[in-house]
Amino acid sequence: MSTFDLNNPKSDEASASADPMLAAAEAGQLARLICAPNPAVGCALISQDSRRAIGHTQQVGGPHAEVMSLRAAVAQGMDIQGSTAYVTMEPCSHHGRTPPCCDALVVAGVRKVVVATRDPNPLVAGRGIEKLRAAGIEVEVLSADHEVTRAVRELNIGFFSRMIRGTPWVRMKMAASLDGTTALANGTSQWITSEESRTDGHGWRARACAVLTGIGTVLEDDPMLDVRLVPATRQPHLVIVDSRLETPPDARLFQPAAHGLPRQVWIYCARPGATRQAALEALGAQIRCLPDANGKVDLGAMLKDLAQREVNELHLEAGYKLNGSFLRAGLVDECLLYLAPTLLGQGAGISNFGPLQQLGEGLPLQFQSVERVGKDLRILARGVDRDAFLKG
């Protein structure tokens, strides 16, 4: 993958792929950690004399990929008239936080636009392509099974999930011994896996819009749950499932997050309490009361609410009880599991999902990847057909 300066559209492109759409896709990958809740998009602009300028989406509220590539072209003295733009996602056609990218391409005099995938946002959803064609620009859309199209949708799986399903993509992260123990019987759990695995886990946190845990973890471990071990330009927001509003006002989660980056704390409860709520809100927490029929937080309603808050990927780091609740409700899309090469015997498990009566009642998964991280194994396993919405 090419290395571009995230803040400088004139960066050296010598190592970028010769194929302009692949170069655009590589640029889109660089946007993944900075652009949420917007999709990670890349654009390669090719002039008639085969010069090129590449850009990718910036932080939310900043320029999109198309504008960044146009700026790079101007900075390089390129003649944009009659050029071809290779864009990994359909250019936006509406006024959101920024003006429509379609308008910028039209004004610049682009002759042709090649699009890897349509934008699933109902505010766009083909309107960008129509607008470009109405302006006399030729538009080519890659087939749904094109390798770049599949890669772009996978890169933006949370954005597609939020736009099509109305819920974030839920990734449940766990760290355990080889026999599935996440903590000893006395509660000791730090650290089962290696420092390399912990660093890698922070990388997965960094790509999420929000990290979620339960009140049990808050009371037992008093975690920060921020991104500390890898570089970051933003912090994912923090979500606490706390039915009875037991979050202590002096919890570490209210301390400033690492890298001096702000984040919001969202607490979902089932039983409101005016005094406790006021104390937490005084610290900046936002409280939502979403009870289910059993007096617990309605997790399904919470996910819909998080989608309204523009959460694409939700990174679940919780204890076995909340993990079990998510699994029983069928709300986990994929599991990110770190396994240490040690046996710990009795203790807390990954979840309290079950007990089941038949093997066929288990939750079927399919392996996405199995890799070594330090001395540990990292397994990414996805629910069968959980990503079907990407194929439409």
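In the predicted model, strands S4 and S5 (residues 138-141) run parallel and are joined by 4 bridges. Within this pairing, Val114 has Glu140 of S5 as its bridge partner. S4 also pairs with strand S3 (residues 84-87), again in the parallel sense and over 4 bridges. Here Ala85 stands opposite Val113 of S4.

The side chains of S4 (residues 112-115) were examined next. Lys112 and Val114 point one way from the strand, and Val113 and Val115 point the other way. All four are buried. In a regular strand, side chains alternate between the two faces of the sheet.

Helix H5 spans residues 147-155. Its buried residues are Val148, Thr149, Val152, Arg153 and Leu155. Seen down the axis of H5, these residues fall within an arc of 160 degrees, so they line one face of the helix. Their packing partners are helix H1 (20-31), H6, helix H7 (195-207) and strand S12 (313-316).

The structure also holds internal space. There are 2 cavities of 30 Å³ or more. The largest has a volume of about 140 Å³. It is lined by 15 residues, of which Arg32, Leu155, Asn156, Asn312 and Glu313 are the closest to its centre. Leu155 is also one of the buried residues of H5. Helix H6 (residues 157-164) gives the most to the lining of this cavity, with 3 residues. By class, the lining comprises 8 nonpolar, 4 polar and 3 charged residues.

How values were computed:
Residues numbered from 1 in each chain as written. Predicted model: local features only at pLDDT ≥ 70, side-chain atom pairs only at ≥ 80, totals over all residues. Heavy atoms only, no water. 1 Å grid on protein atoms, 1.4 Å probe; cavity = no way out; pocket = protein on both sides within 12 Å on 5 of 7 lines; lining within 4 Å. Points joined across faces, edges and corners; volume = space filled by probe spheres on them. Helix = DSSP H or I, 4+ residues; strand = E, 2+ residues; numbered from the N terminus. Nonpolar A, V, L, I, M, F, W, Y, C, P; charged D, E, K, R; others polar. Buried < 20%, exposed > 50% of the residue type's maximum accessible area, 1.4 Å probe, protein only. Arc of directions from axis to C-beta. Contact = heavy atoms within 4.5 Å. Pairing = 2+ DSSP bridges.
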